[in-house]
Every structure is written in structure tokens, then in C-alpha cells.
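Q: Here's a chain I'd like to look at closely, one part at a time. Could you pick a single helix and walk me through how it sits against the rest?

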Amino acid sequence: MKATKLLKGLDTKIDKLYDALYMVRDVFEDIEDGEVDELIESFIESVEMVISEGSNCVPVMRDRIAELLED
């Protein structure tokens with residue numbers, strides 16, 4: 001399978017992952033409790049950071065997949 005096709009599929013699924021993450025936040029939208037809001041926002045930010053900046057973040061995965069499938 002070509003790297004381009006795999007990377008496009010990865011991007012599509014990561015977009016869906018972000019959508020699901022924001023849907024989790026939306027579940028708590030009507031709750032007017034600052035502590036709950038802070039807890040949920042902290043969780044969302046933590047997951048976003050891992051996706052974009054963690055040791056196995058998406059940019060690192062993309063680069064590594066491209067390298068592995070280049071050969």
C-alpha cells in the first residue's frame with residue numbers, strides 16, 4: 001500500500017478522533033459547574049497535546065510511516 005494512501009487514511013481518522021474528543025466536551029456543555037468544566041477542559045487539552053506533541057504524536061508517526069514505506 002502506498003504511503004500517501006495510508007497517510008491520508010491516518011489524517012481522516014485523526015480528524016474523527018478530534019471530533020469525538022470535542023463530542024466528549026459537548027456532553028458537559030449544559031453543566032454550569034466551574035470545577036467540572038475545568039476538569040473536562042484539562043482532559044481535552046491533555047489528549048490534544050499527546051496527539052500533537054507526545055513522543056508518538058501524529059507528525060512523528062507520519063514521518064516514520066513515510067520513511068518506512070519509502071523503501
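**A close look at helix α1**

A: Let's start with one residue, L6: its relative accessible area comes out at 34%, so L6 counts as partly exposed. Bear in mind that this is a predicted model. L6 sits in helix α1, and that helix is the part I'll stick with.

First, the helix itself. α1 covers residues 3–27, which is 25 residues. At 1.5 Å a residue it should span 36 Å, and its end C-alpha atoms are indeed 36 Å apart, so expectation and model agree.

Now for what α1 tucks away. A3, L7, L10, I14 and L21 are its buried residues. The cover over them includes α2, residues 34–53, and α3, residues 58–70. Those two partners are worth taking in turn.

Take α3 to begin with. The angle between α1 and α3 is about 165°, and their axes lie 10 Å apart. An angle over 145 degrees counts as roughly antiparallel, so that is the label for α1 against α3. The crossing of this pair is right-handed. On the α1 side, the contact is made by A3, L6, L7, L10, D11 and I14. Facing them from α3 are V58, M61, R62, I65, A66 and L69. Sorted by class, the α1 and α3 contact has ten nonpolar residues, two charged ones and no polar ones.

That brings us back to L6, one of the α1 residues in this contact. L6 and R62 are 56 residues apart along the chain, yet their C-alpha atoms are separated by 9.2 Å. R62 belongs to the α3 side of the contact.

Next, α2. Here the packing angle with α1 is about 170°, with the axes 10 Å apart. That makes this pair roughly antiparallel as well. From α1, the residues involved are I14, L17, Y18, L21, Y22 and R25. They meet I40, E41, F43, I44, V47, E48, I51 and S52 in α2. By class, that contact comes to ten nonpolar, one polar and three charged residues. I14 turns up again here, having already appeared in the contact with α3.

A couple of residues from this contact deserve a second glance. Y18, in helix α1, touches E48, I51 and S52 once neighbours within four places in sequence are set aside. Compare that with E32: Y18 and E32 are 14 residues apart along the chain, and their C-alpha atoms are separated by 24 Å. Across the way there's F43, which has its place in helix α2. F43 has a relative accessible area of 44%, so it is partly exposed. F43 and R25 are 18 residues apart in sequence, with 9.2 Å between their C-alpha atoms. Both of them are in the list of residues where α1 meets α2.

For contrast, look at M23, also in helix α1. With a relative accessible area of 54%, M23 is exposed, because the cut-off for that word is over 50%. M23 and K5 are 18 residues apart along the chain, and 27 Å separates their C-alpha atoms.

So, to pull it together: α1 is roughly antiparallel to α3 and roughly antiparallel to α2. Its buried residues, L7 and L21 among them, have cover that includes both of those helices. M23, meanwhile, is exposed, and L6 is partly exposed.

Notes:
Residues are numbered from 1 along each chain as its sequence is written. This is a predicted model: local features need pLDDT of at least 70, side-chain atom pairs count only at pLDDT 80 or more; totals for chains, interfaces and linings use all residues. Side-chain values use heavy atoms; hydrogens and water are left out. Helices (H or I, at least four residues) and strands (E, at least two) are DSSP runs, numbered from the N terminus. The expected span of a helix is 1.5 Å times one less than its number of residues. Buried means under 20% relative accessible area, exposed over 50%, partly exposed in between (1.4 Å probe, protein chains only). Contact means heavy atoms within 4.5 Å. Axes are lines fitted to C-alpha atoms, for helices over the stretch in contact, and angles run from 0 to 180 degrees between N-to-C directions. Angles under 35 degrees count as roughly parallel, over 145 as roughly antiparallel, 65 to 115 as roughly perpendicular and the rest as oblique. A crossing is left-handed if the near helix is turned anticlockwise from the far one by less than a right angle, and right-handed if clockwise. Ala, Val, Leu, Ile, Met, Phe, Trp, Tyr, Cys and Pro count as nonpolar, Asp, Glu, Lys and Arg as charged, and the others, Gly among them, as polar.
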